[in-house]
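Student: I'd like a close look at one part of this protein, please. Could you walk me through its aromatic rings and what surrounds them?

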Amino acid sequence: MQTQAQQRAEARAVESAAIRRRWITLGEVLAVIAVIISGLTLWNSWSERSDSKAAQSADAARASNRAATLVLVATDAGKHSLTLKTASAEQSVQSQEIWFPTALGAASAQTTGEPRIETDWFERALEKAREAAKRPDNSRGDERLPVAIVTRFLADGEAHEDVALYDIGYTISGRLLGGHSVELRGLSFVSRVKKGTAQAKLDARWKALFPGK
């Protein structure tokens with residue numbers, strides 16, 4: 001028969017063992033929680049870095065697209081010539097080809113390092129086309145002559161080529177003895193086109209603006 005002292009000792013031993021088991025279980029739980037927190041911290045850090053890199057890549061892509069997208073504007077609207085420049089100061093025009101509608105019968109013009117448009121390139125052909133179409137001698141507002149412009153330019157040190165349709169704004173006035181005089185007004189962007197289809201698109205626009213020719 002166990003004495004009361006022995007019984008109490010066994011009870012204390014059982015209780016101590018249960019307490020130790022509870023502490024061990026709690027420690028394991030805390031260790032698991034610590035691992036989870038550490039994993040979440042690492043994932044959050046990786047996610048933030050990934051998002052930052054993705055944002056930087058997207059910004060770089062947008063900047064590259066902007067640099068490679070060319071829009072020409074006329075900075076000097078002289079009577080018989082237009083000085084052209086890029087809308088972005090980061091772009092530098094190297095050379096250009098200006099194509100005219102096939103029906104106009106004007107040869108294409110090339111420039112190197114000095115982008116411009118001159119009336120001498122198309123004035124006589126335009127006068128003949130207007131005369132054949134029985135257009136009025138004097139403009140009642142700005143007339144439009146569609147052209148395709150192929151521009152080779154530099155952006156961020158890289159070479160690019162842009163092909164787009166533009167409208168040349170002009171006025172024409174009749175002169176009793178000297179024929180007509182064409183004066184340039186400006187340049188308006190129409191659309192960007194592929195080089196292989198540029199002439200066909202240009203001719204279609206000419207027909208839309210100048211029906212019957």
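Tutor: Happy to; here is a walk through the aromatic pairs and the surroundings of their rings. Keep in mind that this is a predicted model.

The structure holds 3 aromatic pairs. One of them joins Tyr166 and Phe189 in an edge-to-face arrangement, with 5.4 Å from centre to centre and 75° between the planes. Tyr166 belongs to strand β7 (residues 158-175) and Phe189 to strand β8 (residues 179-192), so this pair ties together parts that are 23 residues apart in sequence. How covered are the two partners, Tyr166 and Phe189? Tyr166 has a relative accessible area of 0%, so it is buried, as anything under 20% is. Phe189, at 34%, is partly exposed.

Phe189 also has a role on the outside: together with Val71 and Val73 it makes a nonpolar surface patch of about 190 Å². Of these patch members, Val73 sits in strand β1 (residues 72-77) and is partly exposed, with a relative accessible area of 32%.

Now for another pair, Trp206 and Phe210. Their ring centres are 4.5 Å apart and their planes meet at 15°, so the pair is stacked; the cut-off for stacking is under 30 degrees. Trp206 counts as buried at 2% relative accessibility, and Phe210 counts as buried at 3%. Phe210 has a charged neighbour too: the charged end of Arg135 sits over its ring, 4.1 Å from the centre.

Conventions: Residues numbered from 1 in each chain as written. Predicted model: local features only at pLDDT ≥ 70, side-chain atom pairs only at ≥ 80, totals over all residues. Heavy atoms only, no water. Patch = residues over 30% accessible without salt bridge, like charges linked within 9 Å, V, L, I, M, F, W, Y side chains within 5 Å. Areas by Shrake-Rupley, 256 points an atom, 1.4 Å probe, with all protein chains shown as cover. Salt bridge = Lys/Arg side-chain N within 4 Å of Asp/Glu carboxyl O. Helix = DSSP H or I, 4+ residues; strand = E, 2+ residues; numbered from the N terminus. Buried < 20%, exposed > 50% of the residue type's maximum accessible area, 1.4 Å probe, protein only. Phe/Tyr/Trp six-rings, centres within 6.5 Å; stacked < 30°, edge-to-face > 60°. Lys NZ or Arg CZ within 6 Å of the ring centre and 35° of its normal.
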